[in-house]
Amino acid sequence: MTSEPESLGEKWRAARPAVAGIHLDSAACSRQSFAVIDAAAQHARHEAEVGGYVAAAAAAPVLDAGRAAIAALTGLDSSGVVFTTGANNALDLLLSSWPGERTVACLPGEYGPNLAIMAANGFAVRTLPVDGEGRLDVDAARRALAEDRPALVHLTALASHRGIAQPMAALADVCRDLDLALVIDAAQALGHLDCAVTPSAIYSSSRKWVAGPRGVGFLALRDDLSRTLKPRLPPPEWGLPLTVTERLEQGEANVAARVGYSVALGEYLAAGPARIGERLAEVGGMTREALADVRGWRVVEAVDEPTAITTLEPVDGADPQQVRAQLIAEHAIVTTYAETLRAPFEMASPVLRASPHVDVTVEELGQFAKVLAAVT
């Protein structure tokens, strides 16, 4: 008798250390695999053996494979991929290098740290039209952008405070038609939704749905945009023979984390992006169904929203920050407390967020619902 083949979730779980409790926090930081942990550790050991710069040179093929994976997932060329320390660093590198007018159109629910980086780089923000759920109204956006053109359009494809999938591909078509630069924040979207829409620029972090190490991410640039950028360092007047991507990637780096990220990207591609996306959409539906009747909370997203992020709004005065702390301390259940800083122009109050990965079980979600009701 042959045994049943392992499911995607079973393979995902078996590839990782045993979780100490229930992990429902992949939108903040997923669990790394043994292979990712070992790759980063092996590189650190190699640095100690031969020297950091020699080890970095030896790791070039692995990093090139990571860039190629990012290119495949974004629709861009690997020559335009820059490793960064994360999403915030990527956006700051891009905006600080922006030439000319500094106006940006984005959603009313734009991520708070992104807004801070825009302000720090002198960008004036205008909002794009959305529907009652906060999803971009593509037709209204087309009209608004045609009438009042910004220097760039910025889309956070999947928000930190709400699991609503934004229409990336449709907005990319609009921006191409209007000859507008589109920049996509894919921190929550990469490894979750299809991001191969060939925008002008796209950036993300490693630690979320792709399940790489913390402290690393990327910025990927389309060639036509890359040629216009003017990075601050080294000073352009020095005339050094460096490309824009080389200048953006200059500086100290945690190469071990980049190696781990490249391995995580390879694992993600091997598992199948479409397969993972389908499973994450299924997980989101399972989570919302499990939590639909928990007293004291309202599930924000529709059951069939194709994401694995579920937002819980307190309706009877529960404190999401206190509830999260209690879930961890007393039940080893990890969720996210999302404060209003995450979307300062849209959020009225903090929320609790659950974001399981492909390996979550119905039993774990049932246990979470039971415990949430008890601590509330």
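Which residues does Pro167 touch, not counting residues up to four places away in sequence? In this predicted model, the answer is Arg135, Leu136 and Val138. Pro167 belongs to the loop between strand S5 (152-156) and helix H8 (168-178). Take Val138 as an example of how the chain folds back: Pro167 and Val138 lie 29 residues apart in sequence, yet their C-alpha atoms are 7.8 Å apart in space. As for the surface, Pro167 is partly exposed, because its relative accessible area of 21% is not under the 20% that counts as buried.

Let's follow S5 from that loop into its sheet. This open sheet has 7 strands, arranged in the order S2-S8-S7-S6-S5-S3-S4, and its pairing is mixed. At the edges you will find strand S2 (81-84) and strand S4 (124-127), each of which pairs on one side only. Averaged over the sheet, and with direction ignored, neighbouring strands are turned by 20° against each other. Strands of a sheet pair through backbone hydrogen bonds, in either the parallel or the antiparallel sense. For S5 and strand S6 (residues 181-185) the sense is parallel, and there are 5 bridges. If you would like one pair of residues to look for, Val153 has Leu182 in S6 as its bridge partner.

Next, turn to a residue that reaches several parts of the chain. Asn114 sits in helix H6 (residues 112-120). Is Asn114 buried or exposed? Asn114 is buried, because its relative accessible area is 1% and the cut-off for buried is under 20%. Leaving aside neighbours within four places in sequence, the residues in contact with Asn114 are Asn88, Leu91, His154, Thr156, Asp185 and Tyr203.

One of those contacts, Leu91, leads us to helix H5 (residues 87-96), where Leu91 is one of the buried residues. The others in that helix are Ala87, Ala90, Leu93, Leu94, Leu95 and Ser96. With 7 of its 10 residues buried, H5 is largely enclosed by the rest of the structure. An α-helix has 3.6 residues a turn, so residues three or four places apart point the same way.

Now for a position with a database note. The UniProt annotation, from an unreviewed entry, marks Lys208 as "modified residue: N6-(pyridoxal phosphate)lysine". In the model, Lys208 lies in the loop between strand S7 (201-205) and strand S8 (217-221). Lys208 is buried, because its relative accessible area of 10% is under the 20% cut-off. Which residues is Lys208 in contact with, leaving aside its neighbours within four places in sequence? They are Ser26, Ala27, Ala28, Ser30, Ala187 and Gln188.

Further along the chain comes another sheet. This one is open too, with 4 strands in the order S9-S10-S13-S12 and antiparallel pairing. Strand S9 (297-299) and S12 are its edge strands, each pairing on one side only. Here neighbouring strands are turned by 30° against each other on average, direction ignored. Helix H13 packs on this sheet and touches S9, S10, S12 and S13, with its direction making about 40° with that of S13.

S13 (residues 351-354) is a good strand to examine closely. It pairs in the antiparallel sense with strand S10 (residues 310-314) over 3 bridges. Its pairing with strand S12 (residues 336-338) is antiparallel as well, over 3 bridges. Leu352 of S13 is the bridge partner of Leu312 and also of Tyr337, while Val351 of S13 is the bridge partner of Ala338. Both faces of S13 are covered: Val351 and Arg353 are buried on one side, and Leu352 and Ala354 are buried on the other.

Finally, return to H13 and look at its helix partner. The axes of H13 (residues 320-331) and H14 (residues 362-375) come within 10 Å and cross at roughly 115°. The crossing is right-handed. H13 contributes Val323, Gln326, Leu327 and His331 to the contact, and H14 contributes Phe368, Val371, Leu372 and Val375. By class, that contact of H13 with H14 has 6 nonpolar residues, 2 polar residues and no charged ones.

Notes: Residues are numbered from 1 along each chain as its sequence is written. This is a predicted model: local features need pLDDT of at least 70, side-chain atom pairs count only at pLDDT 80 or more; totals for chains, interfaces and linings use all residues. Side-chain values use heavy atoms; hydrogens and water are left out. Helices (H or I, at least four residues) and strands (E, at least two) are DSSP runs, numbered from the N terminus. Buried means under 20% relative accessible area, exposed over 50%, partly exposed in between (1.4 Å probe, protein chains only). Contact means heavy atoms within 4.5 Å. Axes are lines fitted to C-alpha atoms, for helices over the stretch in contact, and angles run from 0 to 180 degrees between N-to-C directions. A crossing is left-handed if the near helix is turned anticlockwise from the far one by less than a right angle, and right-handed if clockwise. Ala, Val, Leu, Ile, Met, Phe, Trp, Tyr, Cys and Pro count as nonpolar, Asp, Glu, Lys and Arg as charged, and the others, Gly among them, as polar. Two strands pair if DSSP finds at least two bridges between them. UniProt positions are given in the numbering used here, feature names are shortened, and annotations may be inferred rather than shown by experiment.
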